[in-house]
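Q: Could you take a close look at one helix here and walk me through how it sits among its neighbours?

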Amino acid sequence: MIDGKAVAAKLRATVAVRVASLRFTPGLAVILVGDDPASAVYVRSKDRAAKEAGIAARTIRMPADTPEVLLLAEIARLNADPDTDGILVQLPLPPHIDAVAVIEAIDPAKDVDGFHPLNVGALASGRPALVPCTPAGVMKLLHHAGVQLSGARALVLGRSSIVGRPMALLLLAADATVTIAHSRTRDLAGECRRAEVLIAATGRPEMVRGDWIGEGATVIDVGIDRLPDGRLVGDVAYAECAERAGAITPVPGGVGPMTIACLLENTVEAAVRRRGG
């Protein structure tokens with residue numbers, strides 16, 4: 001079992017040491033629009049983790065009926081604020097707000113989510129960029145587990161712009177042989193069986209079954225869902241897949257803690273790039 005909590009704790013401690021060595025305090029602003037319960041939990045976790053690392057974090061809460069123009073104005077204010085190094089707008093946004101327009105309004109140098117088109121383009125072309133936090137966290141888990149990616153057959157199950165596509169780019173940069181599979185893929189189970197490294201990011205609870213896993217493969221489960229019986233599960237049927245996998249992440253306690261830890265790392269990286277070490 002790949003213990004994401006333990007790896008994330010080490011990364012957060014490293015970030016805290018780096019923050020303590022700086023001549024300034026990095027600043028992170030998180031904007032939460034509306035009162036989605038899951039989003040509120042995520043934002044509280046990010047705020048707490050940032051403050052524990054010595055980052056000056058603040059949450060800006062806006063009502064669910066906030067007009068898009070006011071949200072864009074708030075982003076413009078934070079873009080111009082010299083004490084704000086990172087800006088994160090918690091997704092999803094209310095339906096009347098265009099998420100693409102909001103992401104594009106964030107200064108790319110402060111885009112600690114790594115979603116701005118300029119950062120996405122830099123990642124695709126192999127240039128330094130602020131990388132989306134979840135894929136970055138997955139790469140750190142693979143490194144921690146000692147997975148040799150060069151030449152390995154890696155399958156990314158899911159093609160979202162938040163996880164699937166940047167995940168494939170990071171694996172490609174690590175010299176893996178990468179396939180992206182999705183709902184239209186023929187023989188999805190067969191594609192999964194051929195993978196030495198499988199990253200599941202479909203958003204469909206327990207979609208990946210045990211007989212989809214090649215013997216000894218590394219399985220990283222990005223998904224998280226609460227079932228009607230209250231259990232938290234991922235995209236992978238854990239008990240079945242763990243019998244065949246050589247290494248596997250649990251849900252919860254796998255990728256989730258890494259996402260927040262990598263957000264802190266991105267915030268410090270953005271601060272150092274803007275202000276110097």
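A: Just past the end of α5, G126 takes a positive phi of about 80°; keep in mind that this is a predicted model. The helix before that glycine, α5, spans residues 117-124. Which of its residues are buried? That would be N119, A122 and L123. They sit on the same side of α5, because the arc they cover around the axis is only 100°. Flip to the face turned away from that buried side and you'll find exposed residues, L118 and A124.

So what do the buried residues of α5 pack against? Their partner is α7, a helix made of residues 164-173. Helix α7 in turn lies across three strands, β4 (153-157), β5 and β6, and runs at about 170° to β4.

Those strands belong to an open, five-stranded sheet with parallel pairing, ordered β5-β4-β6-β7-β10. Its edges are β5 (177-181) and β10 (247-248), each pairing on one side only. Further along the order, β6 (residues 197-200) runs parallel to β7 (residues 218-221), and four bridges join the two. If you want a spot to click on, L198 has V219 in β7 as its bridge partner.

For another helix with a glycine after it, try α10, residues 255-275. G276 comes just after α10 and takes a positive phi of about 85°. The 21 residues of α10 reach 30 Å from first C-alpha to last, close to the 30 Å expected at 1.5 Å a residue.

Definitions and conventions:
Residues are numbered from 1 along each chain as its sequence is written. This is a predicted model: local features need pLDDT of at least 70, side-chain atom pairs count only at pLDDT 80 or more; totals for chains, interfaces and linings use all residues. Side-chain values use heavy atoms; hydrogens and water are left out. Two strands pair if DSSP finds at least two bridges between them. Contact means heavy atoms within 4.5 Å. Axes are lines fitted to C-alpha atoms, for helices over the stretch in contact, and angles run from 0 to 180 degrees between N-to-C directions. The expected span of a helix is 1.5 Å times one less than its number of residues. Buried means under 20% relative accessible area, exposed over 50%, partly exposed in between (1.4 Å probe, protein chains only). The arc is that of the directions from the helix axis to the C-beta atoms.
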